[in-house]
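These are my notebook entries on a structure that was new to me. I set down what I looked up, topic by topic.

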Amino acid sequence: MIMPYNLPKRGPYKHPGRQFIERYGIPVQENDIVKYADFLREVANTGENPPIKLSAIRWRFGMRLTIEALPEETPGFSDHETGIICVRRDDIETRQQFTEAHEMIEILYGACRESPEWERSVFAKKQAQKERLCHKGAAAILMPQQAFL
């Protein structure tokens, strides 16, 4: 039996990194990465209590998730121009979710790279720590500090 759903159509991709930079400026401190995570949840109206529905964030910004066969050393990747996020099929669901959240931070990184203010960004100042910054942001998306206070 097919159930009729009246879900709204997914809108066009709206680059969340660019929207964040337009609203708050280029992220210059590590805490700005957490602020971006808060921005994603706030705009998508996910709330602060885990589990955070990453699908709501994707839906709100028109991002798309694909699950593909990727090499073991590649848990995922994203294209910040199209909003496509790809995660590794063979990873367990919780790892896929963390990778997806990590790639949402990579989308902010892409927006920073193209900004004329790149040199001021936390990513430019701490290029060797980019992955750590993305992990910090992913954790902030999935486990908002406010939920544990």
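**Entry 1: the sheet**

Which residue in strand 3 does Phe77 stand opposite? I looked it up and found that the residue opposite Phe77 is Cys86. I note here that I am working from a predicted model.

I then turned to the bridges of strand 3. Strand 2 and strand 3 (residues 84-88) run antiparallel and are joined by four bridges. With strand 1, strand 3 pairs in the parallel sense, over five bridges. Cys86 appears here again, as the bridge partner of Thr66. Cys86 therefore has an entry on either side, with Phe77 opposite and Thr66 as a bridge partner, in a strand that is largely enclosed by the rest of the structure because four of its five residues are buried.

Next I recorded the sheet as a whole. Its three strands stand in the order 1-3-2, the sheet is open, and the pairing is mixed. Strand 1 and strand 2 (76-79) are the edge strands, each pairing on one side only. From one strand to the next, I read an average twist of 15°. Helix 4 packs on this sheet and touches strand 1, strand 2 and strand 3. The direction of helix 4 makes about 145° with that of strand 3.

I also checked the connection between strand 2 and strand 3. They form a hairpin with four residues between them. In the turn, Gly83 has a positive phi of about 80°.

**Entry 2: helix 3**

Which residues of helix 3 are buried? For this helix, residues 54-61, I listed Leu54, Ile57, Arg58 and Phe61. Seen down the helix axis, these buried residues fall within an arc of 100°, so they line one face of helix 3.

I then asked what covers the buried residues of helix 3. The cover includes helix 1 (16-24), helix 2 (30-44), strand 1 (64-68), helix 4 (93-114) and helix 6 (130-142).

Trp59 is also found in helix 3. I looked up its relative accessible area, which is 37%, so Trp59 is partly exposed. The C-alpha atoms of Trp59 and Tyr13 are separated by 9.1 Å, although the two residues are 46 residues apart along the chain. After the helix comes Gly62, which has a positive phi near 75°.

**Entry 3: the loop between helix 2 and helix 3**

I examined two residues in this loop. Pro51 is located between helix 2 and helix 3. The peptide bond from Pro50 to Pro51 is cis, and I noted an omega near 0°.

Asn45 is in the loop between helix 2 and helix 3 as well. Its phi is positive, about 55°, although Asn45 is not a glycine. Is Asn45 buried or exposed? I found a relative accessibility of 69%, so Asn45 counts as exposed.

**Entry 4: aromatic rings**

How many aromatic pairs are there? The count comes to eight aromatic pairs. I looked at the pair of Phe20 and Phe39, which is edge-to-face, with 5.6 Å centre to centre and 65° between the planes. Phe20 lies in helix 1 and Phe39 in helix 2, so the pair ties together parts that are 19 residues apart in sequence. With a relative accessibility of 1%, Phe20 counts as buried. Phe39, at 2%, also counts as buried.

A second pair that I recorded is Tyr109 and Trp118, again edge-to-face, at 5.7 Å centre to centre and 85° between the planes. Both Tyr109 and Trp118 are buried.

I also noted one aromatic cluster, formed by Phe20, Tyr24, Tyr36, Phe39 and Phe61. Phe61 links this entry to the helix 3 entry, where it is listed among the buried residues.

**Entry 5: charges over rings**

Where does the charged end of Arg113 sit? I found it over the ring of Trp118, 4.4 Å from the ring centre. Trp118 is the residue that I recorded above as the partner of Tyr109.

Arg60 lies over the face of Phe61, at 5.2 Å from the ring centre. Phe61 thus has two notes here: it belongs to the aromatic cluster, and Arg60 lies over its face.

Note on methods: Residues numbered from 1 in each chain as written. Predicted model: local features only at pLDDT ≥ 70, side-chain atom pairs only at ≥ 80, totals over all residues. Heavy atoms only, no water. Buried < 20%, exposed > 50% of the residue type's maximum accessible area, 1.4 Å probe, protein only. Arc of directions from axis to C-beta. Contact = heavy atoms within 4.5 Å. Phe/Tyr/Trp six-rings, centres within 6.5 Å; stacked < 30°, edge-to-face > 60°. Lys NZ or Arg CZ within 6 Å of the ring centre and 35° of its normal. Pairing = 2+ DSSP bridges. Axes fitted to C-alpha atoms, helices over the stretch in contact; angles between N-to-C directions.
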